[in-house]
Amino acid sequence: MGTTGGSSSVQRAVSRWESQRSFDELGRPLRDLTFCVVDLETTGGSAEGGAMITEIGAVKVRGGEVLGEFQTLVNPRTEIPPFIAVLTGITNGMVADAPPVESALPAFLEFAAGSVLVAHNAPFDVGFLRYFAEQQGRPWPRFEVLDTARLARRVVTRDDAPNCKLSSLAKAFGSPVTPNHRALEDARATVHVLHGMMERLGGLGVHTLEELQTFSSRVSPAQRRKRHLAEGLPHAPGVYLFRDDRQRVLYVGTSRDLRTRVRSYFTASETRSRMGEMVGIAACVDGIECATALEAEVRELRLIAEHKPRYNRRSRFPEKVHFLKLTREPWPRLSLVRRVLDDDADYLGPFASKRTAEKCLAALHDTFPVRQCSDRLPRDLGAGSGRSPCVLAEMGRCLSPCDGSVDDTTYAAVVRQLRDALLRRPDEVVEAINAKMTALAADERFEEAGLHRDRLAAFVRAAARTQRLSALTRCPEVVAARREEDGRWAVHVVRFGRLAAAGVIPSGADAHAFVATLRLSAETVSPAPGPTPAATAEETEKVLRWLESPGIRLVDVDGEWTCPVAGATRHLAVHDAVGQSRLSLVPFAERRGLATVHQPAR
């Protein structure tokens, strides 16, 4: 009897201990937690930059069941930009009688109290909410936050979805709700995505919030065993190359501290599943020490273009670009081309995709009625040429020089306006397309307005990029220096937009003599036609970002490094805000596109 009773007591004690351990040690079961899935619509991409909330939508769920929903429009007390109205369908009239954020935010916080906050791209939505809570002097509740976009990058494969945008994930997980840039509908779609990922991870043993939050940090023992590959690398800036057992380059990266960065690939610091797959194949790591961080970044680009490593997503094919060309001929036209020639023509680009180039081309054709045919027309065309006007001419979208409808003087004047828009002042294109968008939005033809919005954005970005690149690539040489964190001066020699030399002036050395020696040893760079003649656009843009960073001192400039005052760069802010709003469904803290990743074999 005593033995039996003792056994029973032990069993009860074990049962209580197991119950306690399930909470304290194993975490909180997902089925028992309340999640508040929230989505915002805003007037732009940054609350600190003046953007305001226009709509809040939220769904509260627990155990797979919906407990309640929250939705309200918010009066931003400012005009909603036409671009945002086209994107969301929320107009100034719709929010005129809506409560301000001072009333809407407390109501939402009361609705969400006690729950785990969930958002698709949580830094965006939670960032807005926290900002306005601080503006109102309200203490921010200690929400635990779950980002479904970040989680999807660890869970979803390319076989499931082409990317990790909410629309793609909703389709992949069979959501009955289609995201439409309205807050409540997007929140409902996010609920289905969240449940879909939880169901998938449940099969991998993920049943608690703690396991869900740390799932992406799992590192296999095989990865840890390869930590010795980093031991021979220096604590210095440079480029590292992972190679397989046949010495093929698998991945190229850069870091300010080679040894520390490479070592992180074998620890929990490296959470990208695709990189885990790469580390499993890697047999050795080579390091190339560089004088400066900028030199390392440039070397990385050149090595990726040379080796085209399978695990690098970006910069592998810099030669696969497109340009828009304004031809030099009796009746000039715009043409989509793959390379820049020394033919005295004007070029816009480069474009990373043909689709973006075509959008830009459409924006220009919408504004300037130059011919779109590819025929080479003689200068002496007249009314008696015998040619028939094309459909575009009949629609009033082409001046139709082929049938003598326009004289060469009038046509040349339009071409001059087009060239000016490409190289110096894009206002005519901006004003013309903005007028079309405003009219279409007023008629609630948002899809058509959105088409013109995308065309204008493609043009503005391309023109701004071309003008910035051309300004630097015209200069035979630019020498600049900046004091680094360790107190030494980093010096770079840039020739025709290409990094030709990099160095750090040693302590106590003669600065003038060091710079003179560096210039003599710099790479010889020959000029070539086009906005990016001596380097890829990505390399020149990295150089530009360094040259435009705080603390830069120009040592010498050979040529004129200038951009047009009325150029396209001044129009970028509004298009960047729209771009941030459209990408608010994915983690914008990461610059690279949100391509999905393969999971390593387990």
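The accessible surface of the chain comes to about 28,900 Å², with 49% of that area belonging to carbon and sulfur atoms, as obtained by the Shrake-Rupley method with a 1.4 Å probe. The model is predicted, so that local features need pLDDT of at least 70 and side-chain atom pairs count only at pLDDT 80 or more, while totals for chains, interfaces and linings use all residues. Residues are numbered from 1 along each chain as its sequence is written, and side-chain values use heavy atoms, with hydrogens and water left out.

**Exercise 1.** Determine what share of the 602 residues is buried.

*Solution.* Take buried as under 20% relative accessible area, with a 1.4 Å probe and protein chains only. By that criterion, buried residues make up 49% of the chain.

**Exercise 2.** Count the aromatic pairs in the whole structure, and classify the pair of Tyr240 and Phe242.

*Solution.* Start from the criterion that rings of Phe, Tyr and Trp (its six-membered ring) pair if their centres lie within 6.5 Å, planes under 30 degrees apart being stacked, over 60 edge-to-face and the rest tilted. The search of the whole structure then yields 13 aromatic pairs. For Tyr240 and Phe242, the centres are 6.0 Å apart and the planes stand at 85°, so the pair is edge-to-face. Next, examine the burial of each partner: Tyr240 is buried with a relative accessible area of 1%, and Phe242 is buried at 0%.

Phe323 and Tyr347 also form an edge-to-face pair, with 6.4 Å from centre to centre and 90° between the planes. This pair links distant parts of the chain, since Phe323 belongs to strand β9 (residues 322-326) and Tyr347 to strand β11 (residues 346-351), 24 residues apart; strands here are DSSP runs of E with at least two residues, and helices are runs of H or I with at least four, numbered from the N terminus. Both Phe323 and Tyr347 are buried.

**Exercise 3.** Establish the order of the strands in the four-stranded open sheet, and find which helix packs on it while touching β12, β13, β14 and β15.

*Solution.* Count two strands as paired if DSSP finds at least two bridges between them. The order is then β14-β13-β12-β15, with antiparallel pairing, and the edge strands, each pairing on one side only, are β14 (498-504) and β15 (553-558). Strands β12 (residues 477-483) and β13 (residues 489-495) pair over six bridges, and Val479 stands opposite Val493 in β13. Finally, helix α19 (residues 511-521) packs on the sheet, touching β12, β13, β14 and β15, where contact means heavy atoms within 4.5 Å.

Key: Buried < 20%, exposed > 50% of the residue type's maximum accessible area, 1.4 Å probe, protein only. Axes fitted to C-alpha atoms, helices over the stretch in contact; angles between N-to-C directions.
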